[in-house]
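Please open the model in a viewer and keep the sequence panel at hand. The tour proceeds by selection, one group of residues at a time.

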Amino acid sequence: MFLEYSRGKTSLLYQYAIQHAEKGKSVLFISKDKNKLRSSPPLLPIGSDPSTKALKNIHFNFVTNDEQLRKLFCSIHLMNFLPSLIIIDDFSNLFLKQLR
């Protein structure tokens, strides 16, 4: 069973990314839909004010299917940073075509 959109999953993952980035660690945040993040950015808790430095430690990458995800992981060693945390938003939706 897959969870529906608008249940807060992206916001929860983003909050975790910020917590990790606040410690000075690099985060790779992978998502399927750039437009979804632009039109409806993740919510943060009241009073949360992430530092600019923390936000710079979060690197976004957008893939639309499992093949692009595999290519990204094959080339991760070529990135100009080494992530200590990799977050994949809507992971199961990258494989929906294969599951049908």
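The stops below cover nonpolar cores, aromatic pairs and salt bridges in a predicted model.

**First stop: the nonpolar cores**

Select Y14, A17, I18, A21, V27, F29, A54, I58, L85 and I87. These 10 residues form the largest nonpolar core. Colouring by secondary structure helps here: α1 (9-22), β1 (27-31) and β3 (85-88) are the elements that each supply two or more of the core residues. Which element gives the largest share of this core? That element is α1, with four residues.

Next, centre the view on I18. Beyond its neighbours within four places in sequence, I18 is in contact with L44, P50, L55 and I58. Then select I30, L69, I76 and L94, which are among the eight residues of another core, lying apart from the largest one.

**Second stop: the aromatic cluster**

Turn now to the rings. The structure holds four aromatic pairs. Display F29 and F60 together: their rings form a tilted pair, 5.3 Å centre to centre, with 50° between the planes. F29 belongs to strand β1 and F60 to strand β2 (residues 58-62), so this pair ties together parts that are 31 residues apart in sequence. Is each ring buried or exposed? F29 is buried, at 0% relative accessible area, whereas F60 is partly exposed, at 37%.

Add F62 to the selection. F60 and F62 form a stacked pair, with centres 6.4 Å apart and planes at 10°. F62 is partly exposed, with a relative accessibility of 29%. Finally, add Y14 to complete the group: ring pairs link Y14, F29, F60 and F62 into a cluster. Y14 and F29 were also selected at the previous stop, as members of the largest nonpolar core.

**Third stop: the salt bridges of helix α4**

Move to helix α4 (residues 66-74) and show the side chains. Side chains of opposite charge can pair when their charged atoms come close. The count of salt bridges comes to two.

Select D66 and R70 for one of them: their side chains meet at 2.8 Å, N to O. D66 and R70 are four residues apart in the helix, so about one helical turn separates them. D66 is buried, with a relative accessible area of 10%, while R70 is partly exposed at 48%.

Select K71 and E67 for the other salt bridge, at 3.4 Å, N to O. K71 and E67 also lie four residues apart in α4, about one turn of the helix. Here K71 counts as exposed, at 53% relative accessibility, and E67 as partly exposed, at 41%.

Conventions
Residues are numbered from 1 along each chain as its sequence is written. This is a predicted model: local features need pLDDT of at least 70, side-chain atom pairs count only at pLDDT 80 or more; totals for chains, interfaces and linings use all residues. Side-chain values use heavy atoms; hydrogens and water are left out. A nonpolar core is a set of buried Ala, Val, Leu, Ile, Met, Phe, Trp, Tyr and Cys residues joined through side-chain atoms within 4.5 Å. Buried means under 20% relative accessible area, exposed over 50%, partly exposed in between (1.4 Å probe, protein chains only). Contact means heavy atoms within 4.5 Å. Rings of Phe, Tyr and Trp (its six-membered ring) pair if their centres lie within 6.5 Å; planes under 30 degrees apart count as stacked, over 60 as edge-to-face and the rest as tilted. A salt bridge is a side-chain nitrogen of Lys or Arg within 4 Å of a carboxyl oxygen of Asp or Glu.
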